[in-house]
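Thanks for making time this morning. I would like to walk through a few elements of one model, going from helices to a sheet and back again.

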Amino acid sequence: MFTLLFLVALVVMVLTKLWLAARQVRHVGLHRDTVPPRFADTISLAAHRKAADYTIARTRLSMLEVLAGAAVLIGFTLLGGLHWLNQFWYGTFGPGYAYGVALIASVALIGGLAELPFTLYAQFGIEQRFGFNRMTWRLWLVDTIKMLVVAAVLGLPLLLAVLWLMDRTGAWWWLWTWVVWMGFNLVLLVIFPTWIAPLFNKFEPLTDETLKQRIEALMRRCGFASKGLFVMDGSRRSAHGNAYFTGFGAAKRIVFFDTLLSRLNADEIEAVLAHELGHFKRRHIVKRIVVTFALSLAFLALLGWLSTQAWFYTGLGVLPNLMSDSHALALVLFFLTLPVFTFLLGPLSSLTSRRHEFEADAFAAEHADAGHLVSALVKLYKDNASTLTPDPLYSAFYYSHPPAAQRIDRLLAHA
């Protein structure tokens with residue numbers, strides 16, 4: 001019965017994703033040759049066509065990723081891949097932490113290798129074709145090695161801690177694991193800006209004194225304090241521009257991509273920053289953390305129950321270990337299949353995120369000039385080749401930010 005439920009959920013997820021992607025491709029293609037009237041004075045037809053072609057190319061690649069991901073998942077579960085890996089590592093190491101780590105690491109490695117062709121084609125195919133890629137093969141390799149090392153340094157101790165808790169704390173292991181997981185994520189928020197991010201990018205203090213004074217004045221008006229203003233060498237990897245806040249509590253810092261500073265004027269940069277400040281002042285970051293922790297508690301509690309049910313393993317093509325615990329096996333199965341059953345919750349997350357973006361825009365309009373934020377957004381839409389004509393259902397399902405026309409209409413109402 002659980003096998004049938006899993007297959008139905010997987011088919012629904014795959015077909016829904018493919019249907020939405022097909023709608024996006026068709027809708028963007030139909031509007032490729034006409035710039036929406038609102039943007040006719042600021043976006044050229046050539047730029048609009050580039051955005052359409054870029055969106056279509058990325059969406060078509062995502063359709064192939066959906067099919068490949070489903071195939072890998074079926075291979076791990078119903079076709080016996082995970083069962084074979086479990087027997088192999090159990091036979092190699094016997095029961096214990098080495099077996100658990102090897103099983104989880106091998107599944108992660110195989111999944112990563114399956115995704116690698118799509119990642120490489122996106123970076124060195126699509127991004128290169130549309131003029132966004134600035135990453136070299138050498139830089140990609142160095143980044144990949146660094147990410148693997150960081151994942152091992154941070155992830156292995158966490159994994160061992162979880163396996164130890166599952167082994168030693170009885171039926172309530174999932175609650176203790178949740179406490180450790182919360183602490184790990186909060187520590188990560190604090191150390192990421194100063195210890196992890198600099199491994200991949202250079203962060204230099206903002207040197208434009210005029211712009212710096214203007215930004216500091218904005219932060220004082222908004223009652224915001226940070227550890228500094230930094231410029232990141234985003235141009236080493238991509239021509240896309242962005243700005244973001246990172247860190248938590250006293251470790252907060254403001255980061256601008258160098259590509260963003262090169263494209264926007266001081267008024268527009270101030271407006272973009274006011275928008276980002278809006279996320280903090282409206283407590284969006286805290287709200288997202290609270291929701292994430294609440295969901296993780298619920299999912300870990302569910303895993304705590306599922307891990308004791310034989311049908312959870314056998315229904316997914318795996319036999320639980322008879323002579324010892326199946327903790328590592330339960331973790332792998334749960335996190336492999338969870339996206340299949342939670343896929344339809346995605347639109348709720350997207351809707352909440354879009355509401356937060358509208359609230360941050362409203363905050364920006366109160367503390368900066370809404371017109372300057374509009375002009376900044378139009379430049380970013382153009383420079384990042386963001387389509388101005390997404391399919392309504394696709395954008396409602398996936399977009400974390402409101403479509404361009406909706407967002408600008410709201411901002412102009414504040415002007």
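Let me take helix α13, residues 346-367, where a simple length check is possible: at 1.5 Å a residue its 22 residues should span 32 Å, and since the end C-alpha atoms are 32 Å apart, the expectation and the model agree. I should say right away that this is a predicted model, so please hear everything that follows with that in mind.

Which residues of α13 are buried? They are Ser-350, Ser-353, Arg-354, His-356, Glu-357, Phe-358, Ala-360, Asp-361, Ala-362, Phe-363, Ala-364 and Ala-365. As for what they pack against, the buried residues of α13 meet α7 (209-222), α9, α10 (284-306), α14, α15 (392-398) and α16 (404-414).

Two of those partners, α9 and α14, also pack against each other, and here I would recall that a packed pair of helices is described by the angle and the distance between the axes. For helix α9 (residues 266-281) and helix α14 (residues 370-383), the angle is about 95 degrees and the axes are 8 Å apart, which means that α9 is roughly perpendicular to α14. On the α9 side the contact is made by Asp-267, Glu-268, Ala-271, Val-272 and His-275, while α14 contributes His-372, Leu-373, Ser-375, Ala-376 and Lys-379. Sorted by class, that contact holds four nonpolar, three polar and three charged residues.

Now to the sheet, which is open and consists of four strands in the order β1-β2-β4-β3, with mixed pairing. Because β1 (203-205) and β3 stand at the edges and have a single partner strand each, one side of each is left without a neighbour in the sheet. From one strand to the next, the twist averages 35 degrees.

Strand β4, residues 253-257, has five of its five residues buried, with Arg-253, Val-255 and Phe-257 on one side and Ile-254 and Phe-256 on the other, so to speak, both faces covered. Strand β2 (residues 229-232) runs parallel to β4 and is joined to it by four bridges; Phe-230 has Val-255 as its bridge partner in β4. Strand β3 (residues 243-246), by contrast, pairs with β4 in the antiparallel sense, over four bridges, and there Phe-245 is partnered by Ile-254.

Finally, returning to the β2 pairing, Met-232 has Phe-257 as its bridge partner in β4. Helix α9 comes back here too, packing on the sheet where it touches β3 and β4, with its direction at about 35 degrees to that of β3.

Conventions. Residues numbered from 1 in each chain as written. Predicted model: local features only at pLDDT ≥ 70, side-chain atom pairs only at ≥ 80, totals over all residues. Heavy atoms only, no water. Axes fitted to C-alpha atoms, helices over the stretch in contact; angles between N-to-C directions. Helix = DSSP H or I, 4+ residues; strand = E, 2+ residues; numbered from the N terminus. Parallel < 35°, antiparallel > 145°, perpendicular 65-115°, else oblique. Contact = heavy atoms within 4.5 Å. Nonpolar A, V, L, I, M, F, W, Y, C, P; charged D, E, K, R; others polar. Expected span 1.5 Å × (residues − 1). Buried < 20%, exposed > 50% of the residue type's maximum accessible area, 1.4 Å probe, protein only. Pairing = 2+ DSSP bridges.
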